[in-house]
Amino acid sequence: MKYEKEKLEEKKERAYTILTRLKKIYPTASTALHHTSALELLVATILSAQCTDERVNLVTKALFSKYHTTNEFADANRAELERIIKSTGFYRAKANSIINCCKMLVEKHGGVVPDTMEDLVKLPGVGRKTANVILGNFYGKTEGIVVDTHVKRLSELLELTKQTEPEKIEVDLMQIIPKKNWIAAGNILILHGRNICTARNPRCKECKVNDLCPSAKD
DNA sequence: CTCCCGATAT
DNA sequence: ATATCAGGAG
């Protein structure tokens with residue numbers, strides 16, 4: 001709890017310095033999930049739960065060559081869909097989410113993926129994390145910050161928040177990061193989490209912001 | 001809080 | 001063997 005007494009302004013400045021330095025390492029920070037439409041990004045993001053983006057891209061390559069429209073996903077053969085996405089884990093729940101989600105898109109949104117947080121989180125299998133990914137990376141809208149397992153871990157290690165619940169962490173981050181950087185911030189923290197600040201053996205020596213991290217080890 | 005769940009690195 | 005991977009629902 002090194003930064004327990006840190007003032008809000010100081011925390012904002014530290015966060016800004018951290019993100020500015022990391023931005024230089026990851027200049028083109030954007031989603032690593034392959035997609036050519038909002039629908040594809042939605043499906044890919046649903047599949048990304050507790051699974052590496054690398055594997056998601058492998059699966060979606062086959063998946064998107066078979067299913068193209070919201071209608072096709074809504075009417076998909078459940079067994080076949082499950083078979084294709086099986087290797088991403090949670091495959092029954094994910095197949096359910098994809099099918100039910102696309103059914104709602106067809107029934108209530110004319111088959112189009114909505115571009116507001118309000119509508120997105122009403123979709124089955126879609127929470128704030130998934131909604132923020134779509135809003136930020138496809139529609140160029142910033143209604144929040146993506147808080148996935150990486151952003152959660154780094155925010156806690158860097159003591160940018162004392163919260164442990166993703167939604168509360170997001171509120172804290174939104175308070176200390178300028179809105180125009182919300183999208184980039186999420187993508188940068190995710191990349192740094194994958195490359196350097198890993199969950200198991202974080203490579204703190206190689207970390208360019210270890211001097212600003214109370215959890216850094218040598 | 002638990003459950004969903006396969007693949008991979010350690 | 002075990003922890004972890006772009007979470008969300010009940």
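About 40 Å³ of space lies in the second largest cavity of this predicted model, and the residues that line this cavity are Ala-15, Ile-18, Leu-19, Leu-160, Ile-177 and Leu-189. By class, that lining consists of six nonpolar residues, with no polar and no charged ones. Helix H1 gives the largest share of the lining, three residues.

The structure holds two cavities of 30 Å³ or more, and the largest cavity likewise has a volume of about 40 Å³. Its lining is made up of Asn-132, Gly-136, Asn-137, Gly-144, Val-146, Trp-182, Ile-183 and Asn-187, with H8 and H11 as the elements that contribute two or more residues. Here the classes are three nonpolar and five polar residues, with no charged ones. Where does the largest cavity lie with respect to domain 1 and domain 2? Both domains give residues to the lining, so the largest cavity lies between them.

The two domains themselves can now be placed. Chain A is divided into domain 1, which is formed by residues 8-30 together with 145-212, and domain 2, which covers residues 38-137. Taken over C-alpha atoms, the centres of domain 1 and domain 2 are separated by 26 Å, and 10 residues of domain 1 are in contact with seven residues of domain 2.

From the enclosed spaces we turn to the open ones. The largest pocket contains about 910 Å³ of space; of the 37 residues that line this pocket, Ser-48, Ala-49, Lys-129, Asp-148 and Thr-149 are the closest to its centre. Domain 1 and domain 2 each provide at least three residues of the lining. Helices H2 (38-47), H6 (91-109), H8, H9, H10 (166-176) and H11 each supply at least two residues of this lining, and the largest share, six residues, comes from H8. Sorted by class, the residues that line the largest pocket are 14 nonpolar, 15 polar and eight charged.

The second largest pocket has a volume of about 310 Å³, and among its 16 lining residues Lys-11, Glu-159, Leu-160, Thr-161 and Lys-162 lie nearest the centre. Leu-160 also appears in the lining of the second largest cavity. Helix H1 (8-25) and H10 each supply at least two residues of the lining of the second largest pocket, where the largest share, three residues, comes from H10. The lining of this pocket divides into five nonpolar, four polar and seven charged residues.

The last part of the picture is the nucleic acid. Which residues come nearest to DNA strand C? Of the 26 residues around DNA strand C, the nearest are Thr-31, Thr-130, His-150, Ile-190 and Arg-200, and sugar and phosphate account for 62% of the atoms of the strand that come within 4 Å of the protein. Helices H8 (128-137), H9 (149-157) and H11 (182-195) each supply at least two residues of the surface near the strand, and the residues of that surface divide into 10 nonpolar, 10 polar and six charged.

Individual polar contacts add detail to this surface. A polar backbone atom of Gln-50 is 2.7 Å from a phosphate oxygen of DNA strand C, and a polar backbone atom of Asp-53 is 3.1 Å from a phosphate oxygen of the strand. Arg-200, by contrast, meets a base: an N or O atom in the side chain of Arg-200 is 2.4 Å from a base nitrogen of DNA strand C.

How values were computed: Residues numbered from 1 in each chain as written. Chains lettered and ligands numbered in written order. Predicted model: local features only at pLDDT ≥ 70, side-chain atom pairs only at ≥ 80, totals over all residues. Heavy atoms only, no water. Near = heavy atom within 4 Å. Polar contact = N/O pair within 3.5 Å; in protein donor to acceptor, adjacent residues only side chain to side chain. Helix = DSSP H or I, 4+ residues; strand = E, 2+ residues; numbered from the N terminus. Nonpolar A, V, L, I, M, F, W, Y, C, P; charged D, E, K, R; others polar. 1 Å grid on protein atoms, 1.4 Å probe; cavity = no way out; pocket = protein on both sides within 12 Å on 5 of 7 lines; lining within 4 Å. Points joined across faces, edges and corners; volume = space filled by probe spheres on them. Domains from an automatic or database assignment. Contact = heavy atoms within 4.5 Å.
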